[in-house]
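Here is a quick tour of some helix packing and a handful of residues worth a click. Keep the viewer open as you read.

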Amino acid sequence: MELHDVWFVLIAVLWTGYFFLEGFDFGVGILTKLLARDRLEKRVLINTIGPVWDGNEVWLLTAGGATFAAFPEWYATLFSGFYLPLLVILVCLIVRGVAFEYRAKRPEEKWQRNWETAIFWTSLIPAFLWGVAFGNIAHGVKIDRNFEYVGTVWDLLNPYALLGGLVTLTLFTFHGSVFTALKTVGDIRVRARKLATKVGVLTAALALVFLVWTQVDSGDGKSLVALVVAVAALVAALGANLRGREGWAFALSGVTIVAAVAMLFLSLFPNVMPSSLNGEWSLTVTNASSSPYTLKIMTWLAAIATPLVLLYQGWTYWVFRKRIGTQHIATEAAH
């Protein structure tokens, strides 16, 4: 296997890890409006992801940096063509981080309520826009012979991409719901399971249409296997949730995300960004990659750094593994 193929796989793994981890904390952010009945319950939800949300975003930074270094043509075309939606995502992530940190800095109800509203919207908008972005990457966009995006922002809002946005939005909300059920105790845990069932059924319907559309459009035998795994895992996650097996439900919803992202990358390869104007103008792992020397240096660095990052993040989740509820939060800390 050539090094550019290896780095295509590694970037796919990084994006998969990001969507698996950031997916549930986007979902929890959305649940602060959909599930929490009062400000004390909102604090419970925020505390379930408080120790880990910033670590989850490291996967995004690493995926973006790896794309820039390993496939500079892909990075340039992607970030110039998708400039506006990616800028919106970036602004949301900045505001979201500030909201988590600033919410409890002042006691006024209006101050805290405004930051809680910011957490909701800055979780919902990226959850939708990431699906739109990757839907366009998988479906193909207007790239000319110079590997430059020549479409408009309105071209990105096509039916396939918008459906992809709805899939990631509902899937992340389902993922966040089962995570909430796994991490909480009391009434909020029960309601999280009930909400997960409702959102999960909607997710299954949307995801099936989107994945079948992807398979018909650009799939092969390998992507078909990933499609079957994604659908089966989602159905199994719903079943586990109904039986109150929250750990299994969360693990299986994660498998759904992993398989769905894998399917998109499998349907892409050897392209990294297909051209809808002319197949010969598509960006591929060959014409978009850095030099072999650059890829070799990156491979050595990744081999050293990646295990350390995984160990640290795994340790963080282990330390903060216990369930929490409203009884664990002092009343004055929630106001």
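Helices here are DSSP runs of H or I with at least four residues, and they are numbered from the N terminus. With that in hand, phenylalanine 147 can be placed: it sits in the loop between helix H7 (109-139) and helix H8 (159-183). Bear in mind throughout that this is a predicted model.

**Backbone oddities**

Phenylalanine 147 has a positive phi of about 65 degrees, and it is not a glycine. Most residues other than glycine have a negative phi, and most peptide bonds are trans. Is phenylalanine 147 buried, partly exposed or exposed? Its relative accessible area is 21%, and buried means under 20% while exposed means over 50%, so phenylalanine 147 counts as partly exposed.

The other backbone item is a peptide bond: going from phenylalanine 269 to proline 270, the bond is cis, with omega near 5 degrees. Proline 270 belongs to the loop between H11 and S1.

**Three helix pairs**

Start with H6 and H7. The axes of helix H6 (residues 83-102) and H7 come within 8 Å, crossing at roughly 150 degrees, and the crossing is left-handed. On the H6 side the contact includes Pro85, Leu86, Val88, Ile89 and Cys92, and on the H7 side Trp111, Trp115, Ala118, Ile119 and Trp130 are among those that meet them. Sorted by class, the residues of this H6 and H7 contact come out as 18 nonpolar, 2 polar and 1 charged.

H7 also packs with helix H2 (residues 39-49): the axes of H2 and H7 come within 12 Å and cross at roughly 45 degrees. That angle makes H2 oblique to H7. The crossing of H2 and H7 is left-handed too. Arg39, Lys42 and Ile46 in H2 meet Glu109, Gln112, Glu116 and Ile119 in H7. The class split for H2 with H7 is 2 nonpolar, 1 polar and 4 charged. Ile119 of H7 turns up in the contact with H2 and in the contact with H6.

The third pair is helix H9 (residues 187-218) with helix H11 (residues 246-268), whose axes come within 12 Å and cross at roughly 20 degrees. Why do H9 and H11 count as roughly parallel? Angles under 35 degrees fall in that class, so H9 and H11 are roughly parallel to each other. Their crossing is left-handed. H9 brings Arg189, Arg193, Phe210, Leu211, Thr214, Gln215 and Ser218 to the contact, while H11 brings Glu246, Ala260, Met263, Leu264 and Ser267. By class, that makes 5 nonpolar, 4 polar and 3 charged residues.

**Three serines**

Serine 267 and serine 253 both have their place in helix H11. Serine 282 is in the loop between strand S1 (271-273) and strand S2 (283-284). Here is how their side chains reach backbone oxygens:

| Serine | Relative accessibility | Backbone oxygen reached | Distance |
|---|---|---|---|
| Serine 253 | 0% | phenylalanine 250 | 2.8 Å |
| Serine 267 | 10% | leucine 264 | 2.7 Å |
| Serine 282 | 5% | glycine 279 | 3.1 Å |

What do those accessibilities say? Serine 253 counts as buried, serine 267 is buried, and serine 282 counts as buried as well.

Now for their surroundings, leaving aside neighbours within four places in sequence. Serine 253 is in contact with Phe174, His175, Val178 and Ala237. The C-alpha atoms of serine 253 and leucine 195 are separated by 14 Å, with their positions 58 residues apart along the chain.

Serine 267 touches Thr214, Ser218, Gly219 and Ser223 on the same basis. Thr214 and Ser218 are also among the H9 residues in the contact with H11.

Which residues does serine 282 contact, again setting aside those within four places in sequence? They are Phe147, Asn271, Met273, Pro274, Ser275 and Asn287. That brings us back to phenylalanine 147, the residue with the positive phi of about 65 degrees.

How values were computed:
Residues numbered from 1 in each chain as written. Predicted model: local features only at pLDDT ≥ 70, side-chain atom pairs only at ≥ 80, totals over all residues. Heavy atoms only, no water. Helix = DSSP H or I, 4+ residues; strand = E, 2+ residues; numbered from the N terminus. Buried < 20%, exposed > 50% of the residue type's maximum accessible area, 1.4 Å probe, protein only. Polar contact = N/O pair within 3.5 Å; in protein donor to acceptor, adjacent residues only side chain to side chain. Contact = heavy atoms within 4.5 Å. Axes fitted to C-alpha atoms, helices over the stretch in contact; angles between N-to-C directions. Parallel < 35°, antiparallel > 145°, perpendicular 65-115°, else oblique. Left-handed = near helix turned anticlockwise from the far one by under 90°. Nonpolar A, V, L, I, M, F, W, Y, C, P; charged D, E, K, R; others polar.
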